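Have your viewer open and your selection tool ready? This tour moves from stop to stop, saying what to select and what you will find there.

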Amino acid sequence: MDIAESKPEDYLLPARWQALALPLAAVGVVLVIISWGVFYASNAGEDGQQFAVFCRSYLANFMYILSFGIGGMFLTLISFLTRAGWSASIRRMAELLSVTIPWVALLFIPILLTLVLPGGVAIYEWNTAKPEGLIAGKSGYLNMMFFTIRSLLYFGIWSMITLWYYRLSVRQDETKDIESTLARQKWSGPAVMLFALTVSFAAWDWIMSVDADWYSTIFGVYYFSGSMFGVFAFMIIAFMMLQKAGKLRKSVNIEHYHDMAKFQFGFIMFWSYIAFSQLLLYWYGNIPEETVWYRFRWENDWYIFSYALIALHFAIPLLGMLSRHVRRNYFGLTFWMTWALIVHWMDLTFLVMPTISSFNAPMMIGHAVGGLGMFMIFLGIVLLRSSNVSLVAKGDPRLHEALSYANPLL
C-alpha cells in the first residue's frame with residue numbers, strides 16, 4: 001500500500017467531528033455542574049458531606065480522563081524506544097491523546113483550590129493545620145505547598161515531553177527528516193524513566209494520599225496498568241469510528257486491531273496481577289494500618305462493587321477476549337472495548353470513593369453524570385487537538401512497515 005496515492009483529506013478528522021469539539025466540551029461542563037446538584041439534591045454522603053463527595057467524584061473522574069493521555073504518552077515513548085515499525089500508522093493517535101495533558105491539567109485547578117478552602121480537607125484529610133496519628137509523621141511530604149509544587153512539576157514534565165514528541169512528529173510529515181526519528185529514539189530512554197517516576201509519584205500523591213494513613217509501593221504501577229488498559233480500548237474504538245466515516249482505511253487494518261487487542265488483553269492480566277499482588281501482601285501481613293484500605297472496600301455496601309470488579313475487570317473480559325477470532329472481529333472488539341472503558345471508570349471509582357460515602361444509587365448516579373461530563377470534555381479536547389492535523393505520521397520512515405504489516409498465522 002502507498003499512502004501517497006491517497007487524498008490528504010483521507011487522513012484528516014471529519015469536518016463535522018471538528019465542529020463538535022466545543023459543543024461537546026460545553027455539554028460536559030454542564031453535566032459536571034449537574035452532578036454537583038445531584039449530590040446535594042439526593043443528600044449523598046453523611047453528615048453534610050455532599051461537597052466532599054462531589055470533590056472525590058471529581059478527582060476520580062479527572063484521573064479517569066487523565067489516564068488516556070498517560071497511556072498515549074507511554075505508547076508513543078515505547079514505540080520509539082523499541083523502534084517498532086508496526087505501530088507507525090497508529091502512533092499519531094497516541095500522540096494526539098498525549099498532548100491533551102496540558103489541557104487536562106487545567107481541570108486539576110479545582111482540585112488544588114479545594115486545598116485552600118475553609119477546612120481544606122474536602123479531598124485530602126492530611127491538609128489540616130494539625131494532622132494526627134500516622135498522618136502527622138508524613139506532614140513533611142504531605143502538605144499543601146509541597147503537594148502543589150509536585151503537581152506542577154508532574155504536569156510540566158509530561159507537557160514538555162509530549163509536546164516535543166508531537167511537534168517533531170507533525171513537522172516530519174512535511175520534511176520527511178529521518179533525524180527527527182533518531183532524536184526521539186535517542187531521548188526515549190530517559191523520557192520513559194521520567195515517565196515511570198512521575199506517574200508513580202502522581203498516583204501516590206493524587207489518589208493514594210486520599211487515604212493518607214495507608215501506603216503501597218506498587219500503587220503507581222496499578223494506575224499505570226489501568227491507564228494502558230483504557231488507552232488501547234479508546235484507540236480501537238476511535239479507529240473503528242474513523243474508518244466508518246471513511247478515514248484511515250489504508251493505514252489501519254485488521255492486523256493493527258489484532259495487535260492492539262493483544263496488548264489490551266495483556267493489560268487485563270497485568271492489572272489483575274498487580275491488584276492481586278497488592279492484596280496478597282497485605283492479607284498475609286494482616287497489619288491493621290495496612291489492611292484498613294481494604295476494610296473500607298469490603299464492608300458495608302462497597303463489597304458488592306469490589307467483588308463485581310473482580311469479575312468485570314478480570315474474569316469476564318479475560319475469557320471474552322481469549323479467542324483470536326474475537327480480537328479480529330469488529331463487533332467483538334466494539335463490545336469488549338466499550339466494556340473496558342466502563343470498567344476502567346469503575347476501577348477509579350473503587351480507588352477513590354469508598355472512604356467518603358456509602359455505596360448507594362444517588363451517589364452513583366451523581367458520580368456517573370459527572371464521569372460522563374468529564375469524558376465529554378475530554379472528547380472535546382481530543383477533537384480540538386486533532387483538527388487539521390494528519391491522523392497518520394506520514395513522514396515516519398517506518399510507515400511502510402506498518403502499512404504492509406501482518407501477524408503470523410500461528
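**Stop 1: H3 and H9**

Start by selecting helix H3 (residues 50-81) and helix H9 (residues 178-206), keeping in mind that this is a predicted model. Their axes come within 8 Å and cross at roughly 155°. That angle is over 145°, so H3 counts as roughly antiparallel to H9. The crossing of H3 and H9 is left-handed.

Now show the side chains where H3 and H9 touch. On H3, select Leu-59, Met-63, Leu-66, Ile-70, Met-73, Phe-74, Leu-77, Phe-80 and Leu-81. On H9, the partners are Thr-181, Arg-184, Gln-185, Ser-188, Gly-189, Ala-191, Val-192, Phe-195, Val-199 and Trp-206. Colour the contact of H3 with H9 by class and you get 14 nonpolar, four polar and one charged residues.

**Stop 2: H2 against H3**

Keep H3 on screen and add helix H2 (residues 21-41). The axes of H2 and H3 come within 9 Å, with a crossing angle of roughly 145°. Here the crossing is right-handed.

To see the contact, pick Val-32, Ser-35, Trp-36, Phe-39 and Tyr-40 in H2, then Gln-50, Phe-51, Val-53, Phe-54, Ser-57 and Tyr-58 in H3. The residues of this contact comprise eight nonpolar, three polar and no charged.

**Stop 3: Arg-83, on the way to H4**

Next, select Arg-83, which sits in the loop between H3 and H4. Check its backbone: phi is positive, about 55°, although Arg-83 is not a glycine. Arg-83 counts as exposed, at 52% relative accessibility.

**Stop 4: Ser-98 in H4**

Move along to helix H4 (residues 91-98) and select Ser-98. Is Ser-98 buried or exposed? With a relative accessible area of 2%, Ser-98 is buried, because the cut-off for that class is under 20%. Display what surrounds Ser-98: leaving aside neighbours within four places in sequence, its contacts are Gly-69, Gly-72, Met-73 and Thr-162. You have met one of these already, as Met-73 also belongs to the contact of H3 with H9.

**Stop 5: the salt bridges**

How many salt bridges does a search of the whole structure find? The search finds nine. Three of these pairs are worth a visit.

Stay in H4 for the pair of Arg-91 and Asp-396, whose side chains meet in a salt bridge at 2.8 Å, N to O. Arg-91 lies in H4, while Asp-396 lies in the loop between helix H16 (361-386) and helix H17 (399-403), so this pair ties together parts that are 305 residues apart in sequence. Both Arg-91 and Asp-396 are buried.

Now select Arg-328 and Glu-255, whose side chains form a salt bridge at 3.0 Å, N to O. Arg-328 is in the loop between helix H14 (324-327) and H15, and Glu-255 is in helix H11, so parts that are 73 residues apart in sequence are tied together. Turn on the surface to compare the two partners: Arg-328 is partly exposed, with a relative accessible area of 23%, whereas Glu-255 is buried, with 12%.

For the third pair, go to Glu-299 and Arg-295, where the closest N and O atoms of the salt bridge are 3.5 Å apart. Glu-299 is partly exposed at 36% relative accessible area, and Arg-295 is partly exposed too, at 39%.

Then select a group: Arg-91, Arg-92, Glu-95, Asp-173 and Asp-396 are joined into one network by salt bridges that share partners.

**Stop 6: H12 and its surroundings**

Select helix H12 (residues 288-298) and highlight its buried residues Glu-290, Val-292, Trp-293, Tyr-294 and Arg-297. Which helices do the buried residues of H12 pack against? Add helix H10 (219-244), helix H11 (254-285), helix H13 (302-320) and helix H15 (330-352) to see them. Following H12 is Asn-300, where phi is positive, near 55°.

**Stop 7: Asn-388**

Finish in the loop between H16 and H17, where you will find Asn-388. Asn-388 has a positive phi of about 60° although it is not a glycine. With a relative accessible area of 63%, Asn-388 is exposed.

How values were computed:
Residues are numbered from 1 along each chain as its sequence is written. This is a predicted model: local features need pLDDT of at least 70, side-chain atom pairs count only at pLDDT 80 or more; totals for chains, interfaces and linings use all residues. Side-chain values use heavy atoms; hydrogens and water are left out. Axes are lines fitted to C-alpha atoms, for helices over the stretch in contact, and angles run from 0 to 180 degrees between N-to-C directions. Helices (H or I, at least four residues) and strands (E, at least two) are DSSP runs, numbered from the N terminus. Angles under 35 degrees count as roughly parallel, over 145 as roughly antiparallel, 65 to 115 as roughly perpendicular and the rest as oblique. A crossing is left-handed if the near helix is turned anticlockwise from the far one by less than a right angle, and right-handed if clockwise. Contact means heavy atoms within 4.5 Å. Ala, Val, Leu, Ile, Met, Phe, Trp, Tyr, Cys and Pro count as nonpolar, Asp, Glu, Lys and Arg as charged, and the others, Gly among them, as polar. Buried means under 20% relative accessible area, exposed over 50%, partly exposed in between (1.4 Å probe, protein chains only). A salt bridge is a side-chain nitrogen of Lys or Arg within 4 Å of a carboxyl oxygen of Asp or Glu.
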